[in-house]
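Subject: Handover of a structure, with notes

Dear colleague,

Please find below the structure that I am handing over to you. I would be grateful if you would keep it open while you read the notes that follow it.

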Amino acid sequence: MTPARAGQEALRRIPEFATIPSVDELNREFSEIADRAGRPLRRIGTSRLGEPLQALTVGTGPAQAVIFGGVHPNEPIGALTALHLARTLVDEPELAVQLGYTWHIVPCIDPDGARLNEGWFSGPFTRGHYARHFYRPAADEQVEWTFPFSYKRAYFDRMMPETVALMRLIDDVRPAFMCSLHNGEHGGVYYYLSRPAPQLYEPLHAIAAAVELPLDTGEPEMPYTPRYADAIFGMGRSEDAYDFAESAGLDPTRWDAGASSAAYAEKYGTLTLVTEVPYWLHPDANDVSESDEIYADVLKRRAEGMDELGRILGETLRAIEPDVSVRSPFVRASRAFVPMFEQLGRQEAHRAAQPGAARPATRAERFGCLDQVHCFRLRYGGMLRRALEAELAAGNGTPVIRQRHAELSDIYDGWVAEAEAVTSSEPIALGKLAAVQYAAILATSVHAAGTTD
């Protein structure tokens, strides 16, 4: 089987999902699959709040594959993908034999964080409803970015129980292939690979095309990320983030986190895949024609957006700090993220001043730059608003808390209206997003196992 064939055959059936399962629903679904497979779920660890972390093992092939969802708990498409993968491998044992792997599937590695996003899992799938119930942990509380890291003046060894559980699983099975299940928000499809694999680029492009989803050929999430092909990037590395910040005159130690899961598994020669799929499409995401703006000017607009966001959220956070009584995840995340926007503003201003930025921006680049401002306003303004709501719910409605909640809510409603005005009201079918991730998993696993013929 070739990667191309594996990817296309995986798309013969598009699963149907009306909603995203809660953590409890996901656990029940996996228990039923495990019963059908005749192999009990294996406990691999315990979350910070005491929830069992479990993995399903399917297949008996000589190669090992580790698939895990929920590393960023605001990105739950991976739960659907994990379900689709597990059901298919159990129901089609001949496929499992053909692929030659033993699969270790962790449906949700951060159930504590996922539960704080469940408010939007049943829809309506509008950008505003999603953002108002959004939660993303501080960097040092994200499973994906809390693996051991030591580089120049940076050092991180505060691994969380969830991270340690994943480290043990990786060390136990030494996977040839690994997939960390993430997803994006708005635009098109793009991929990350932990090393160049030119034979995979065409099959990965074809997977998105087969279900009529555009690639996202605009701005990479991180400006230092290597680009392998259109919408296919090298995995972001903490060392590269450090060096880029240092070269831009920024503090490279401000990012209080560690390395990624891909970096940790690298010692075993593991090929890691991340497939980013959006909830909403935008026509400019894959439009590489020139826009009517200079790239440097677009970067300056993003810098101004980040500066304004940092000022508004920073003023609010500083004003409420003396009155905060609940050390909620929303407060912890806000304290970590809000200072980041001032640094991002300086970073984008630095990029705008580089000689290479004096050229026309593509429409895809302009979309990516400006949509990130909408994205960060809704994400991080929403979390600070939830921090204030937690204070009010706890009975801590001091004058400052009430005043800042009202002021931020007015501003936030305006940000939501601006973002929704440039976002499709029709979300992409959830099953189609899971199908893309599932097909990319099968194609990349075939490549990693060296079974192409």
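The notes below describe what was found, topic by topic. Please bear in mind throughout that this is a predicted model.

Cavities

The structure holds 4 cavities of 30 Å³ or more, and two of them are described here.

The largest cavity has a volume of about 100 Å³. Its lining consists of 16 residues, and those closest to the centre are Leu 26, Pro 76, Ala 79, Cys 108 and Ala 114. Two elements, α2 (23–37) and α3, each give two or more residues to this lining. Sorted by class, the lining of the largest cavity has 11 nonpolar residues, 4 polar ones and 1 charged one.

The second largest cavity encloses about 80 Å³ of space. Which residues line the second largest cavity? They are Val 23, Asn 27, Pro 52, Leu 53, Gln 54, Pro 107, Cys 108 and Pro 111. Cys 108 therefore appears in both descriptions, being among the residues closest to the centre of the largest cavity and also part of the lining of the second largest. Both α2 and β2 (52–58) supply at least two residues of the lining of the second largest cavity, and β2 gives the most, with 3 residues. The classes here are 6 nonpolar and 2 polar, with no charged residues.

Helix α3

Helix α3, which was named above as part of a cavity lining, covers residues 77–91 and has 15 residues. From its first C-alpha to its last, α3 reaches 21 Å, which is close to the 21 Å expected at 1.5 Å a residue. Is α3 mostly covered or mostly exposed? The helix is mostly covered, with 13 of its 15 residues buried.

Cysteines and disulfides

How many disulfides does a search of the whole structure find? The search finds 0. Two cysteines may serve to illustrate the reasoning. A disulfide requires two cysteine sulfur atoms within 2.5 Å. The cysteine sulfur closest to that of Cys 369 belongs to Cys 375 and is 13 Å away, so the distance is too far for a bond. Likewise, the sulfur of Cys 375 has its closest cysteine sulfur in Cys 369, at 13 Å, which is again too far for a bond. As for their surroundings, Cys 369 is buried, with a relative accessible area of 0%, and Cys 375 also counts as buried, at 10% relative accessibility.

Backbone details

Three places in the backbone deserve your attention as you inspect the model.

The peptide bond from Gly 123 to Pro 124 is cis, and its omega is near 5 degrees. Pro 124 is placed in the loop between α5 (111–115) and α6 (127–132).

Lys 152 has a phi near 50 degrees, a positive value in a residue other than glycine. This lysine lies in the loop between β5 (149–151) and β6 (154–156). Lys 152 counts as exposed, at 52% relative accessibility.

Glu 212 likewise has a positive phi, of about 60 degrees, although it is not a glycine. Its place is in the loop between α8 (198–210) and β10 (227–229). Is Glu 212 buried or exposed? Glu 212 is exposed, with a relative accessible area of 68%.

With kind regards

Technical notes. Residues are numbered from 1 along each chain as its sequence is written. This is a predicted model: local features need pLDDT of at least 70, side-chain atom pairs count only at pLDDT 80 or more; totals for chains, interfaces and linings use all residues. Side-chain values use heavy atoms; hydrogens and water are left out. Buried means under 20% relative accessible area, exposed over 50%, partly exposed in between (1.4 Å probe, protein chains only). Helices (H or I, at least four residues) and strands (E, at least two) are DSSP runs, numbered from the N terminus. The expected span of a helix is 1.5 Å times one less than its number of residues. On a 1 Å grid over the protein atoms alone, a cavity is a set of points where a 1.4 Å probe fits but cannot get out, and a pocket is an open set with protein on both sides within 12 Å along at least five of seven lines; lining residues have an atom within 4 Å of a point. Grid points are joined across faces, edges and corners, and a volume is the space filled by probe spheres set on the points. Ala, Val, Leu, Ile, Met, Phe, Trp, Tyr, Cys and Pro count as nonpolar, Asp, Glu, Lys and Arg as charged, and the others, Gly among them, as polar.
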